[in-house]
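This briefing goes through one protein model, topic by topic. Please look over the sequence and the fold before reading on.

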Amino acid sequence: MPRRTFPLNAVEAFLVTARHLNLTHAAVELCLTQGAVSRKIAALESWFGFPLFERHARGLRLSSQGSALLPDLRASFEHFLTVAEQARARQTVVRLKAPTCAMRWLIPRLLEVERDQPELQIALTTTIDHSVNFKTESYDAAIVFGTQLSAGDLLFEEALTPVVSPLRQGCEPDRLTFLHPTRDNTDWSLWLEKQPAPAPAMHKNQHFDTMDLAITAAIQGLGMAIADETLVEEDIRTGRLVRPYASSVKTGASYRLVLRGSKEKAAALAAFRGCLLNRG
């Protein structure tokens, strides 16, 4: 009989039935009917050409051939499951570290990765840390942010621009609360010093630990935030935010994707990288 006709899906039914020596109990464990279990075992016996069980009034007993076959078949089946589980763990789980400030850009792209590469599982860890050390951290990939970065792939360069809720669009700048993404005024100061017109006075200020928090506060109408134009691109498109000024100022910082050098996860990391870079 050709090898391809071997009823592989019947092996588990044989192993479970051999353990219980009871078709009813085996059917419960396998979530099948007793008749379905019987048919699987019959198919396996037909392929081998000898009975695997002896049927008695009190139940089942392994035949001499079935008893001899059981240890090797059980070991092979368990080995198959182990290999499959190890392969799945190596190839599909990508442990990603990303700064919270990148979430507005990253989350929509992770949704597209999930749609286009359903075999990939992205285990995301968010942090206020902008760097990664693959020697001491267990991540497979990371989005890093900073100046003078050269490793990995460029995702986008930071360019700052003011944003405000449409509900506050008509307010004079000096009447608005200035929302800062850091505890200092660096980002706002950098943008203001590049403007040709006199800078509005920052009478009221609110400081946040991350840019994402400052952007969220602006959406809710708390004031005017200074934000990266790429991170607020979707908010501008959907009308949650508006840009009261057309200009933006590059800071020299950038967001980049870096990957661990991993032979075991090379295929998964390549697929993840391709998805992220293709969406720019």
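Helices, here DSSP runs of H or I with at least four residues, are numbered from the N terminus, and so are strands, which are E runs of at least two. With that numbering, Cys31 falls in the loop between α2 (23–30) and α3 (34–48). The model is predicted. The protein contains 9 helices and 10 strands.

**Overall form**

- The radius of gyration of the protein is 30 Å, whereas a compact globule of 280 residues would have one near 19 Å.
- Along the principal axes, the C-alpha trace extends over about 100 × 40 × 30 Å.
- Of the 280 residues in the protein, 39% are buried.
- Taking contacts between residues at least 6 apart in sequence, 74% link residues at least 24 apart.

**Surface and charge**

- About 15700 Å² of the protein is exposed, and carbon and sulfur atoms account for 52% of that area.
- The protein carries 32 positive and 30 negative side chains.
- The centres of these two sets of charged side chains are 7 Å apart.

**Strand β5 and its partners**

- Strand β5 covers residues 141–147, and 6 of its 7 residues are buried, so the rest of the structure largely encloses it.
- On one pairing, β5 runs parallel to strand β3 (residues 93–99), with 2 bridges between them.
- Lys97 has Ala142 of β5 as its bridge partner.
- β5 also pairs with strand β10 (residues 249–259), in the antiparallel sense and over 7 bridges.
- Ala141 has Leu259 of β10 as its bridge partner.

**Strand β3 and strand β4**

- β3 is mostly covered, with 5 of its 7 residues buried.
- Besides its pairing with β5, β3 pairs in the parallel sense with strand β4 (residues 121–127) over 7 bridges.
- Thr126 in β4 is the bridge partner of Ala98.

**The loop between β5 and β6**

- Both Gln148 and Ala151 lie in the loop between β5 and β6 (153–164).
- Gln148 has a positive phi, near 55°, and is a residue other than glycine.
- The relative accessible area of Gln148 is 81%, and exposed means over 50%, so Gln148 is exposed.
- Ala151 has a relative accessibility of 48%; because the partly exposed class runs from 20% to 50%, Ala151 counts as partly exposed.
- Leaving aside residues up to four places away in sequence, Ala151 touches Arg256 and Val258.
- Ala151 and Val83 are 68 residues apart in sequence, and their C-alpha atoms are 34 Å apart in space.

**Lys250 in strand β10**

- Lys250 is part of strand β10, the antiparallel partner of β5.
- With a relative accessible area of 58%, Lys250 is exposed.
- When residues up to four places away in sequence are not counted, Lys250 touches Glu157, Glu158, Ala159 and Leu190.
- Lys250 and Val16 are 234 residues apart along the chain, and 65 Å separates their C-alpha atoms.

**Helix α7**

- In helix α7 (residues 211–219), the buried residues are Met211, Asp212, Ala214, Ile215, Ala217 and Ala218.
- An α-helix has 3.6 residues a turn, so residues three or four places apart point the same way.
- The helices that the buried residues of α7 pack against are α5 (103–116), α6 (186–192) and α8 (233–238).
- The strands that these buried residues pack against are β6, β7 (177–180) and β9 (224–228).
- Gly221 follows α7 and has a positive phi, near 90°.

**Cys31 in the loop between α2 and α3**

- Which sign does the phi of Cys31 have? The value is positive, about 60°, although Cys31 is not a glycine.
- Is Cys31 buried or exposed? Its relative accessibility is 70%, so Cys31 counts as exposed.

Definitions and conventions
Residues are numbered from 1 along each chain as its sequence is written. This is a predicted model: local features need pLDDT of at least 70, side-chain atom pairs count only at pLDDT 80 or more; totals for chains, interfaces and linings use all residues. Side-chain values use heavy atoms; hydrogens and water are left out. The radius of gyration is taken over C-alpha atoms; the globule rule is 2.2 Å times the number of residues to the power 0.38. Buried means under 20% relative accessible area, exposed over 50%, partly exposed in between (1.4 Å probe, protein chains only). Contact means heavy atoms within 4.5 Å. Accessible areas come from the Shrake-Rupley method with a 1.4 Å probe; for residues, only the protein chains shown count as cover. Lys and Arg count as positive and Asp and Glu as negative; His and the chain ends are not counted. The place of a charge is taken as NZ of Lys, CZ of Arg, CG of Asp or CD of Glu. Two strands pair if DSSP finds at least two bridges between them.
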